[in-house]
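Biologist: I'm new to this one and would like to learn how to read it. Could you walk me through it?

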Amino acid sequence: MTAWLDHFLFGLYPYICLAVFFLGSWIRFDRDQYTWKSDSSQLLRSGNLRWANNLFHIGVLFLFFGHFVGLLTPHFIYEPFISAGHKQWLAMVSGGVAGVLGFIGVSMLLYRRLSDARIRATSKTSDIVLLWIFWFQLALGLATIPLSAQHLDGSMMMLLAEWGQRIVTFRSGAVEMLASAGWVFKTHLFLGMTVFLIFPFTRLVHIWSGFGTLAYVLRPYQLVRARRLNLPQGHNRPSRGI
């Protein structure tokens with residue numbers, strides 16, 4: 001891959017994706033709140049949706065937070081407790097289990113959406129594209145496991161983490177961290193960033209609502225009073241004619 005393409009995909013593209021992710025989500029919520037929903041197709045046919053949905057969400061949510069913490073946590077914070085090599089093993093085992101669960105779930109969801117005529121007819125193009133992206137992304141993630149096993153000292157993981165930390169802290173030299181990374185790792189990173197790019201234009205925006213429900217924990221209690229409170233007895237009875 002040429003140097004200018006590397007700099008665009010892994011130096012500039014991440015900021016484009018993050019800008020569209022935040023600004024696009026805000027603009028859509030401001031202008032089209034009625035489209036801010038998950039568009040569930042459960043009413044059309046439930047079938048194996050519960051299994052597929054749960055497997056997909058369990059796997060993807062674990063992987064998201066695992067990648068978030070693993071990539072963006074500086075090495076010196078966890079170094080007193082776990083070495084880079086042991087962290088590599090932990091990521092391979094836990095990520096592998098979650099990846100398999102998510103891959104099975106997204107495969108079931110994709111088959112369901114493409115094979116059922118009613119669901120296919122009501123599906124948007126973005127729904128199908130999104131499922132294919134997740135399918136390929138999870139497949140690539142599983143493909144990185146045997147590659148990671150070739151350097152159990154955690155060296156590649158450290159380089160990927162350094163790239164992510166330099167990107168979010170606006171430090172230079174991020175692209176150089178991926179010089180020795182193979183195409184599987186780079187494609188995995190590219191698809192991951194692309195998910196953030198298309199996020200505001202898909203049903204994924206309902207994730208914001210999921211985080212928004214946490215506000216209910218801090219919300220003050222609501223006092224509900226009856227309408228007829230302090231009103232004379234019998235005020236709502238029909239009057240007798242004279």
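**Reading a helix pair, then the whole chain**

Modeller: Happy to; keep in mind that this is a predicted model. Let's begin with a pair of helices: α7 (residues 155-168) and α8 (residues 183-198) have axes that come within 13 Å and cross at roughly 30°.

Biologist: Is the crossing of α7 and α8 left-handed or right-handed?

Modeller: α7 passes α8 in a right-handed crossing.

Biologist: Which residues in α7 and α8 meet?

Modeller: On the α7 side, look for M156, L160 and W163; their partners in α8 are F185, L189 and M193. Sorted by class, this contact has six nonpolar residues, with no polar and no charged ones.

Biologist: Now let's zoom out. How many helices and strands are there in the chain?

Modeller: Ten helices and zero strands. For the chain as a whole, 34% of the 242 residues count as buried. The chain exposes about 16,100 Å², and 68% of that comes from carbon and sulfur atoms.

Biologist: What about contacts along the sequence?

Modeller: Take the contacts in the chain with a separation of 6 or more: 79% of them are between residues 24 or more positions apart.

Biologist: Let's try a single residue. Where is D116 found?

Modeller: D116 sits in the loop between α4 (84-115) and α5 (117-122).

Biologist: And why does D116 count as buried?

Modeller: The cut-off for buried is under 20% relative accessible area. D116 has 15% relative accessibility, so it counts as buried. Its side chain also has a polar atom 3.2 Å from the backbone nitrogen of I119.

Note on methods: Residues numbered from 1 in each chain as written. Predicted model: local features only at pLDDT ≥ 70, side-chain atom pairs only at ≥ 80, totals over all residues. Heavy atoms only, no water. Axes fitted to C-alpha atoms, helices over the stretch in contact; angles between N-to-C directions. Helix = DSSP H or I, 4+ residues; strand = E, 2+ residues; numbered from the N terminus. Left-handed = near helix turned anticlockwise from the far one by under 90°. Contact = heavy atoms within 4.5 Å. Nonpolar A, V, L, I, M, F, W, Y, C, P; charged D, E, K, R; others polar. Buried < 20%, exposed > 50% of the residue type's maximum accessible area, 1.4 Å probe, protein only. Areas by Shrake-Rupley, 256 points an atom, 1.4 Å probe, with all protein chains shown as cover. Polar contact = N/O pair within 3.5 Å; in protein donor to acceptor, adjacent residues only side chain to side chain.
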